[in-house]
Amino acid sequence: MRHAVVIGGSVAGLLVARVLSEQYDRVTLVERDTLPEGPVNRKGVPQGRHVHALLVRGAQILEELFPDILRDLRAEGSVHMDGSLDSVLYQNGIWKSRYSSGFMFHLQSRPFLEAMIRRRVRAITQIAVLEGATVTRLTATPDNKRVTGVVIERESGEETIVADLVVEADGRGTRAPQWLKDLGYGETPISTLKIDLAYASAIFEPPAESPPDWKMLAVVPAAPARRHGLITEIEGGRWLVTQWGYFGDHPPLDPDGFQAFARSLPVPQLYDAISSATQVTPLVLHKVPHQLRRHYERLERFPEGLVIIGDALCSFNPIYGQGMTTTALEAIELSTALKSRGAESFATYTPTLQKRMGKVVDSPWQMATSSDMAYPQVEGVRPFGSGLIAKYSQRLTDIAAQDPVLNETFLQVIHMLKPATALFQPKVVARVLFGPRPRALQEAPIRRPKSREMNA
């Protein structure tokens, strides 16, 4: 009987468990929390109370793994929106024009989405969820060449679970580097970008009268401005409001201070919205000191029978909304490899697969780090030419705000339908370098559902 163990019961672990259930007779999902049945925030996902976006490519993969889940998400309250039509975006000092782009994606709270996925995973007979258990170390063959399972700790004591494959998907706080070191694989190389980010969020009840014509409102001024804000409509017709700041300029957790932070933004729309709404949950803060990438693909050796994905592999600045979709891409990479090789001898392929996982995160890592490098305070290795790339990226963003042709390519990259290299194709570069400067709109643009033309 072929057996796989997945460490971590969040979105990454759930997607992996679903993929493995096609090839393994038994899949054990090990999670330290007691998992709720419904959309409830939990200790193991401290970032779960903040804004999350399911990008287009992520939604496509989710539908592939769980047919009709998008229909069910919408039926139970997920907000389906056209990213260019239903949002009001102030970015780099420019209002983004609104038009029907066809790039549809979903807005909902993280617990709501995770609960919908978890419900489907629990229904798969090959998957057993082991709650209240912490993985303390890996087990391996005498020569440590191959991982053979995990040791877990529960209230009842310690036990060993034998497995043909172990997938570590336990998030940013992973202990995988130490486990590998203990097995003799040396120090895992890492790349970090210190950003000292903190964001605060709460759920608001929007005013009953005069509802806005948007489903998302974002105020994202260009560096060196450090304060930003975002409102997304979520299930139940409520607003999830997140404000964030860099380098110690963090939003306060008292309601008056939170309102004052919104009032300090360069345009008043976000403050006006929340000052007329009712806060219904306490403010919560989450800190992200740095972006972090663990380069397991650079190790001289990597054990057979082990795969590392999700935030355990690479954790981004969450503001860019790449995390869940990148994890979904990694799950598909795993699925493709399994289908072509089968589970019987799959363990011998995992060192190669881990190198491929590194390639999956190359594009989103480049995008996220390039954006943050626009801040001079960022600490980390700046690749040659990073300053020029940052300036190019800002100009691209500015022009795309009012150029539907350029914006389409930009959205394809943002939603991970194309790699970041698509932004450097000759036609795109020419449009960025020689295209007309965007017009500064004095007011937030209105919704124009039947036209692809930009707002004047």
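Analyst: Contact here means heavy atoms within 4.5 Å. Please keep in mind that this is a predicted model.

User: Thanks! Leaving aside its neighbours within four places in sequence, which residues is Glu304 in contact with?

Analyst: Start with where to look: Glu304 sits in the loop between strand 18 (284–294) and strand 19. Once neighbours within four places in sequence are set aside, the contacts of Glu304 are Lys145, Arg146, Val147, Ala347, Thr348, Thr350 and Pro351.

User: Is Glu304 buried or exposed?

Analyst: The relative accessible area of Glu304 is 14%. Buried means under 20%. Because its value lies under that cut-off, Glu304 counts as buried.

User: In what order do the five strands of the parallel open sheet stand?

Analyst: Begin at the edges, where strand 8 (127–131) and strand 19 (306–308) each pair on one side only. From one strand to the next, the twist averages 20°. Reading across this open sheet of five strands with parallel pairing, the order is 8-2-1-12-19.

User: Which residue is the bridge partner of Ile7 in strand 2?

Analyst: Strand 1 covers residues 3–7 and strand 2 covers residues 26–31. The two run in the parallel sense and pair over five bridges. For Ile7, the partner to find in strand 2 is Val30.

User: Where are the edges of the open sheet of three strands?

Analyst: This sheet has antiparallel pairing and the order 9-10-11. Its neighbouring strands are turned by 25° against each other on average, direction ignored. An edge strand has a single partner strand, so one of its sides is left without a neighbour in the sheet. That describes strand 9 (134–140) and strand 11 (157–162).

User: Which residue in strand 10 stands opposite Thr139?

Analyst: Strand 9 is joined to strand 10 (residues 147–154) by six bridges, and the two run antiparallel. Opposite Thr139, in strand 10, you will find Gly149.

User: How many of the ten residues of helix 1 are buried?

Analyst: Helix 1 spans residues 11–20. Among its buried residues are Val11, Gly13, Leu14, Val16 and Arg18. The helix is largely enclosed by the rest of the structure, because the number of its residues that are buried is ten of the ten.

User: Is helix 1 parallel or oblique to helix 2?

Analyst: The axes of helix 1 and helix 2 cross at roughly 40° and come within 11 Å. Angles under 35 degrees count as roughly parallel, and 65 to 115 as roughly perpendicular. The angle of these two helices falls between those ranges, so helix 1 is to helix 2 oblique.

User: How many charged residues does the contact of helix 1 with helix 2 have?

Analyst: Helix 1 passes helix 2 in a left-handed crossing. The contact is made by Leu15, Arg18 and Val19 from helix 1, together with Leu62, Glu64 and Leu65 from helix 2. By class, four of these residues are nonpolar and none is polar, while the number of charged residues is two.

User: How far apart are the axes of helix 2 and helix 8?

Analyst: Helix 2 (residues 56–65) packs against helix 8 (residues 323–341) at an angle of about 45°. That makes helix 2 oblique to helix 8, and the crossing is left-handed. The distance between their axes is 8 Å.

User: Which residues in helix 8 are met by Arg57, Gly58, Ile61, Glu64 and Leu65 in helix 2?

Analyst: The residues of this contact divide into five nonpolar, two polar and two charged. On the side of helix 8, those taking part are Thr325, Ala328, Leu329 and Ile332.

User: Which residue does a cis peptide bond join to Ala223?

Analyst: Most peptide bonds are trans. The bond to look for has an omega of about 15°, and it leads into the loop between strand 14 (216–220) and strand 15 (227–234). The residue joined to Ala223 is Pro224.

User: What is the phi of Asp68?

Analyst: Asp68 lies in the loop between helix 2 and helix 3 (69–75). Its relative accessibility is 35%, so Asp68 counts as partly exposed. Most residues other than glycine have a negative phi. For Asp68 the value is positive, near 75°.

User: And where is Asp196 found?

Analyst: Asp196 also has a positive phi, near 45°. At 28% relative accessibility, it counts as partly exposed. Its place is in residues 190–205, which form strand 13.

Conventions: Residues numbered from 1 in each chain as written. Predicted model: local features only at pLDDT ≥ 70, side-chain atom pairs only at ≥ 80, totals over all residues. Heavy atoms only, no water. Pairing = 2+ DSSP bridges. Helix = DSSP H or I, 4+ residues; strand = E, 2+ residues; numbered from the N terminus. Axes fitted to C-alpha atoms, helices over the stretch in contact; angles between N-to-C directions. Buried < 20%, exposed > 50% of the residue type's maximum accessible area, 1.4 Å probe, protein only. Parallel < 35°, antiparallel > 145°, perpendicular 65-115°, else oblique. Left-handed = near helix turned anticlockwise from the far one by under 90°. Nonpolar A, V, L, I, M, F, W, Y, C, P; charged D, E, K, R; others polar.
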